[in-house]
Amino acid sequence: MKEPAGMGRTGSQRGGRTVSLEAIVQASLKIADSEGLDDLTIRRIASELGVGAMTLYGYVRSKEEILDAMADHVLGGIRIPEADPADPAAVLRAAASGFLAMMREHPSMVQLMTSRVTMSMHSMEGGLEGVLSRFLEAGLSPETAVRCYSFLITYALGFAGYQHPRPWGHTDRPESVELRRQRKHFYASLPAEKFPSVIAIADHLVDLPADAQFDFGVECFIASVLAGGDRAS
């Protein structure tokens with residue numbers, strides 16, 4: 001890539017529209033998050049920006065560079081909620097929340113993070129150094145800090161990917177009430193001779209992709225880590 005995402009580059013005017021690496025990344029994320037990575041093409045991005053496709057090649061050499069820039073931009077800009085550094089449980093909880101929020105804001109990150117490795121200074125400063133430093137400040141040993149980072153980011157990645165196509169799991173959305181009702185009805189109406197267990201717990205099964213399940217997993221993990229007493233001396 002000619003320039004790491006997040007560094008910025010002087011934009012130029014094309015037909016009244018400003019073109020820059022940042023504008024290309026933002027347009028690409030908008031398309032990928034709403035339509036999927038398969039629909040992300042140079043021509044589609046150029047159309048979103050209101051310029052010709054050849055204009056983009058003045059900033060990136062290929063779609064692969066755009067994908068790298070997207071991942072670097074999002075990881076570098078991750079927002080981890082504030083937490084008391086003297087409370088390691090709160091710090092781990094905040095990291096889990098930040099990881100999941102990032103992947104919810106940009107659903108395309110699930111596919112991006114499972115298909116490429118980001119190595120720009122921008123992405124590592126925000127998505128790696130910024131998180132690990134908080135774990136170490138909270139008193140976790142280096143080994144435990146790495147294990148916690150690995151678990152929380154991959155757990156959030158998997159959960160976000162599972163929840164995204166199951167909108168009844170988003171319990172904070174008004175439409176989820178009706179979607180949950182429909183899902184319960186679906187489970188309860190399955191053939192009883194083949195699905196006796198599913199039918200018996202249909203009221204609970206609808207919560208598989210619910211936010212509470214993510215929180216439950218995080219709390220179980222935190223309890224396990226802290227019970228081990230692996231803190232830096």
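Contacts between residues 24 or more positions apart make up 67% of those in the protein chain that have a separation of 6 or more. The model behind this value is predicted. Burial can be read alongside the contact pattern: of the 233 residues in the protein chain, 43% count as buried, that is, under 20% relative accessible area. The surface that the protein chain exposes comes to about 12,200 Å², and 56% of this area is supplied by carbon and sulfur atoms. In extent, the C-alpha trace spans about 60 × 55 × 25 Å along its principal axes.

The secondary structure comes next. The protein chain contains 12 helices and 2 strands. Read from the N terminus, the order of elements is β-β-α-α-α-α-α-α-α-α-α-α-α-α, so the two strands precede the helices.

One helix pair can be followed at the level of residues. Helix H4 covers residues 63-76 and helix H7 covers residues 121-137. These two helices pack with their axes 7 Å apart, at an angle of about 35 degrees. The crossing of H4 and H7 is left-handed. On the H4 side, the contact is made by Asp72, His73, Leu75 and Gly76. On the H7 side, His122, Ser123, Gly126 and Gly127 take part. Sorted by residue class, the contact of H4 with H7 has 6 polar residues, 1 nonpolar and 1 charged. Glycine counts as polar in this division; the nonpolar residue is Leu75 and the charged one is Asp72.

Notes:
Residues are numbered from 1 along each chain as its sequence is written. This is a predicted model: local features need pLDDT of at least 70, side-chain atom pairs count only at pLDDT 80 or more; totals for chains, interfaces and linings use all residues. Side-chain values use heavy atoms; hydrogens and water are left out. Axes are lines fitted to C-alpha atoms, for helices over the stretch in contact, and angles run from 0 to 180 degrees between N-to-C directions. Helices (H or I, at least four residues) and strands (E, at least two) are DSSP runs, numbered from the N terminus. A crossing is left-handed if the near helix is turned anticlockwise from the far one by less than a right angle, and right-handed if clockwise. Contact means heavy atoms within 4.5 Å. Buried means under 20% relative accessible area, exposed over 50%, partly exposed in between (1.4 Å probe, protein chains only). Accessible areas come from the Shrake-Rupley method with a 1.4 Å probe; for residues, only the protein chains shown count as cover.
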